[in-house]
Amino acid sequence: MKILTYSLFIILLDQFSKFSVLSTLGFERSKSIIPNLLNFTLVKNKGAAFSLFINSTNSLTVISIIASLLLITIILKSPPKSYWNCIGLAYLLGGTVGNGIDRLFKGYVLDFLELVPINFPIFNVADISINIAIICFIIDMIKDNPKTNY
């Protein structure tokens, strides 16, 4: 149940951050948050991560719903056995649902975090959560696999 609570917190943080930036900044404008490092630039992303599969919103919405339901089923039916797996599932579910809400109700995902010094796609809190989940799963795999001596 803690996993679902953490996921809910991530979803709320993601949705609140998107709503806040949209209501204060609006589209087509950019605001420097940390000069020469981070801007808030709100964009509509009709694709997946890093703007892949552009204009595939319907397919991505269905995939997002299925993935979210599958993650909830996994969490409830076979609880994770390690700390890192537990944290990874919470972040993955939170990020998946956060972006899924946008796709379902808006037809696109709101992205707003722009790293200025590099040419990197604009992203959001849900995207960060999904990447944190991947890192947690990698740590879990490394930590659980004993090293083989040759």
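1. Let's start with a loop residue: Asn-36 is exposed, since its relative accessible area is 66% (exposed means over 50%, buried under 20%, partly exposed in between, with a 1.4 Å probe and protein chains only). Asn-36 sits in the loop between β1 (30-34) and β2 (38-45); helices here are DSSP runs of H or I with at least four residues, strands are E runs of at least two, and both are numbered from the N terminus. Its backbone deserves a look too: Asn-36 has a positive phi of about 65° without being a glycine. For context, most residues other than glycine have a negative phi.

2. Before going on, a word on what you're looking at. This is a predicted model, where local features need pLDDT of at least 70 and side-chain atom pairs count only at pLDDT 80 or more, while totals for chains, interfaces and linings use all residues. Residues are numbered from 1 along each chain as its sequence is written, and side-chain values use heavy atoms, leaving out hydrogens and water.

3. Now to a partner of that loop. Pro-117 lies in the loop between β3 (109-115) and α4 (125-144), and it touches Asn-36 and Leu-37 once neighbours within four places in sequence are set aside (contact means heavy atoms within 4.5 Å). Pro-117 counts as exposed because its relative accessibility is 55%. Measuring along the chain, Pro-117 and Ile-130 are 13 residues apart, and their C-alpha atoms are 23 Å apart in space.

4. The overall picture: the protein chain has four helices and three strands, in the order α-β-β-α-α-β-α from the N terminus. Its C-alpha trace spans about 55 × 35 × 30 Å along the principal axes. Of its 150 residues, 38% count as buried. Among contacts with a separation of 6 or more, 65% come from residues 24 or more positions apart. The chain exposes about 9500 Å², with carbon and sulfur atoms supplying 68% of that; the areas come from the Shrake-Rupley method with a 1.4 Å probe, and for residues only the protein chains shown count as cover.

5. Next, α2 against α3. The axes of α2 (residues 57-77) and α3 (residues 83-106) come within 9 Å and cross at roughly 150°; axes are lines fitted to C-alpha atoms, for helices over the stretch in contact, and angles run from 0 to 180 degrees between N-to-C directions. The two helices are therefore roughly antiparallel (over 145 degrees; under 35 is roughly parallel, 65 to 115 roughly perpendicular, and the rest oblique). Residues that meet here include Leu-60, Ile-65 and Leu-71 in α2, and Leu-92, Val-97 and Arg-103 in α3. By class, this contact has eleven nonpolar, six polar and one charged residues (Ala, Val, Leu, Ile, Met, Phe, Trp, Tyr, Cys and Pro are nonpolar, Asp, Glu, Lys and Arg charged, and the others, Gly among them, polar).

6. How do α1 and α3 cross? The axes of α1 (residues 2-24) and α3 come within 8 Å and cross at roughly 40°, so the pair is oblique. The residues of this contact divide into twelve nonpolar, six polar and four charged.

7. Finally, a residue to click on: Asp-14 in helix α1. Is Asp-14 buried or exposed? Asp-14 counts as buried, because its relative accessibility is 0%. Leaving out residues up to four places away in sequence, Asp-14 touches Gly-98, Asn-99, Asn-124, Val-125 and Ala-126.
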